[in-house]
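The following report takes up selected local features of one structure, with the cut-offs behind each term.

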Amino acid sequence: MAPQAGGWGGSRRLLRQLRDLMQSGGLWQDRLDSLVRLIADAMVAEVCSLYVMRAGEVLELFATQGLRREAVHRTRLRVGEGIVGEIASTGRPLSLQDAQQHPNFAYRPETGEEIFHSMLGVPLLRDRRVIGVLAVQNKTRRAYGEDELEALETVAMVLAEMVGGAGLIGEEEGRHTDSLATLPARLAGVTLNEGIGMGTAVPHERGIVIKQIVAEDIDVELHRLESSLSEMQESLDDLLQRQELSGDGEHVEVLETYRMFAEDRGWAERLREAVRSGLTAEAAVQRVLTDMRQRMTKVRDPYIRERYSDLEDLGNRLLHHLTGNDSTARDDLPDDLVLVARNLGPAELLDYDISRLRAVALEEGSPTAHVAIVARALGIPMIGRCSELLARVRPGDFVIIDGDVGQALLRPRQSVRQSFSDAIELRANRRAEQLANRALPPETRDGVRISLQANAGLLVDLDQLEESGAEGVGLYRTEVPFMVQERFPDAATQTELYARALDMAGERPVTFRTLDIGGDKALPYWSGTKDENPAMGWRAIRIGLDRPAMLRQQLRALLAAGAGRHLRLMFPMVSEVNELMQARALLDMELARHLARGAEPPTRLEVGVMLEVPALIWQLPALFARADFVSVGSNDLFQFLFAIDRGNPRLARRYDSLSPPILTLLRFLAAEADSHGVPLSVCGEMAGHPLEALALIGCGIRILSMPPSHVASVRSTVRSLKLGSLQEYVTYLSGLPNRSVRQHLRAYAGDHGIAL
Ligand code: PEP
Ligand code: MG
């Protein structure tokens, strides 16, 4: 095919021949034999072999041109074994000039393949499952071109439908066999949106069975494609204008970008090109999607991956329009729908009846994924990075999605089910009560006022400020909006973003933390350095001071947004007071320029520091003399104090933040801050858990900043405690030799009627 090919156009004749062959009657084996012969001829290859996946994840040689005939139905390779097995296990093509040199080469004497050197193999994919492998081989050590790869992939797509649809393999064959499929199971994932939801698992069906692959009339197919594209754009306009999505927040932008994507000319052109190569409009969409999916496995850039999932969403939507098949309008969807999917685009989520949707679990996804942003705006519990989800969940299974912990419980026993449904009910009641109490002051029973603030990153979080009853934003992580942008936002975009955050907060003060990028917080468009130990690498203020243009631009934008308003800035990962002084000098310079331009100054400008690096603990007098406020970033501070990677699940329970060394340190910090008259807050995860908040208050901390959804429960804790004896008790606990004082504190809370 290569010499006659010149892109997909050359495969048109072959596609027709294949179709005619498959439609002709006769024995399947004869047809498959002719088929591999045809492909070998077209590809100018000495060998063409078709392997089909059988039960137990074994690939069986079903037909060959060029290898020994006696190997047919005899040669079998496990998934992962040999080059064919590797293609099946990765679902990706392989092109090798000398296959025998490949470390995974598995020699099978019955095939006689030792005389062939080069090899090009592609997976046969159906409903995303690998159902076989198609490979061509040549004696010479030749390199196969892009055109040849594309052509073979197109042929593989046609073959996959034929093989899959012909009953050559049983329905269950090739499926991930899991003898535990009926037992309860727990799958770990990560939280994309908090909350618990449970109900009946429904796999998100994107797969549309395409009945016709090869076009009868290319012009007709092109016309179908065009009209479905415009139909889809119109229906998207309706979908994205839904009432529950109104308001402010990134989800608005995310959906807007998605809509623009639908109108992207490059994408439409690739679809047309695929139709011109001889495919029906449906097959063209699938071809382009498969192609993108394969490219995408090599891409690590989170932004591009996110764009890809938007495109995949659009591709499937287009398929629905082309086939007139709307899977989400299925009337068989349960009332307690728990959606499970490999990934979802933002609009795909909206296709479901939100009133029935209890939770979502994904195999992929990340907290900044577009679908997660939309889920947060809609309050749907969601977890992601749940590997093996689709293989382990069967449609109709009862599942619990625990968004708080980031786990899925499959087919839980009745007792587990009951305790989660009690927890949901209790939580709903408590929530109602807490919401009713949100106007009550967060004051202890003996009259000490605690300031409860919210942590925010996306505008969606600010949207919850009012409902949470938080007094302000104690930590606005400015890097988070950067993480969902396409490129480094310029000063104007940043100004607009910060001004919007201030507008949304209204009278409540917002503490903007300057960019904390590097380490685990990667920006898709910022390569930074490949640090061996990123948490202790070139990150946050270190980058800011070494690349002052970037920090100055951010400071400029913050000053512009804060003109005529109260502005609070905070620098992350400060290790020595001198770094604060350098950052302050940059701020002074920008402020002077701001004023020289005749711009209005902030009504009040406060500059703070995150205390996350232990070295700062021994510079407190110098620090308190220069900082207007200090905020303890307990997440980072603890990882450095205990020398544990904060993201390592193996170490997550090894040391407890409720332990004597931590309590001793926090008591010391609170006392020092107090004696210098500098406000000290805690804004790490610790502050948002009632028991930890109790300990912090006992240590003398009076300002706590936490995710907005946690403010209400911490308020109840505050309002139910008495400070006097608590402080004494925490002092006692901090002198114990125990590894954890969690149980002691819990018992104390129980004895003193403190709400946890
Ligand atoms: C912290 O380290 O506790 C903190 C609040 O910062 P981040 O979690 O964003 O690193
Ligand atoms: Mg930190």
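Just after helix α4, Gly 91 adopts a positive phi of about 70°. This is a predicted model, in which local features need pLDDT of at least 70, side-chain atom pairs count only at pLDDT 80 or more, and totals for chains, interfaces and linings use all residues. Residues are numbered from 1 along each chain as its sequence is written, and side-chain values use heavy atoms, without hydrogens or water.

Helices (H or I, at least four residues) and strands (E, at least two) are DSSP runs numbered from the N terminus. Within α4 (residues 82-90), the buried residues (under 20% relative accessible area, 1.4 Å probe, protein chains only) include Gly 82, Ile 83, Val 84 and Ile 87. Their cover includes the strands tabulated here.

| Strand | Residues |
|---|---|
| β1 | 47-54 |
| β2 | 58-65 |
| β3 | 76-78 |
| β4 | 94-96 |
| β5 | 118-126 |
| β6 | 129-138 |

The magnesium ion (ligand 2) has as protein donors Glu 612 (OE) and Asp 636 (OD), at 2.0 to 2.1 Å, where donors are N, O and S atoms within 2.8 Å of the metal (3.2 Å for Na, K and Ca) and water is not among the atoms, so sites may look incomplete. Because Glu 612 lies in the loop between β19 (604-611) and α22 (620-626), and Asp 636 in helix α23 (residues 634-641), the pair ties together parts 24 residues apart in sequence. Both Glu 612 and Asp 636 are buried.

Leu 663, Leu 666, Arg 667 and Ala 670 of α24 meet Ala 695, Leu 696 and Cys 699 of α25, contact meaning heavy atoms within 4.5 Å.

Terms used: Chains are lettered from A and ligands numbered from 1 in the order in which they are written. Buried means under 20% relative accessible area, exposed over 50%, partly exposed in between (1.4 Å probe, protein chains only).
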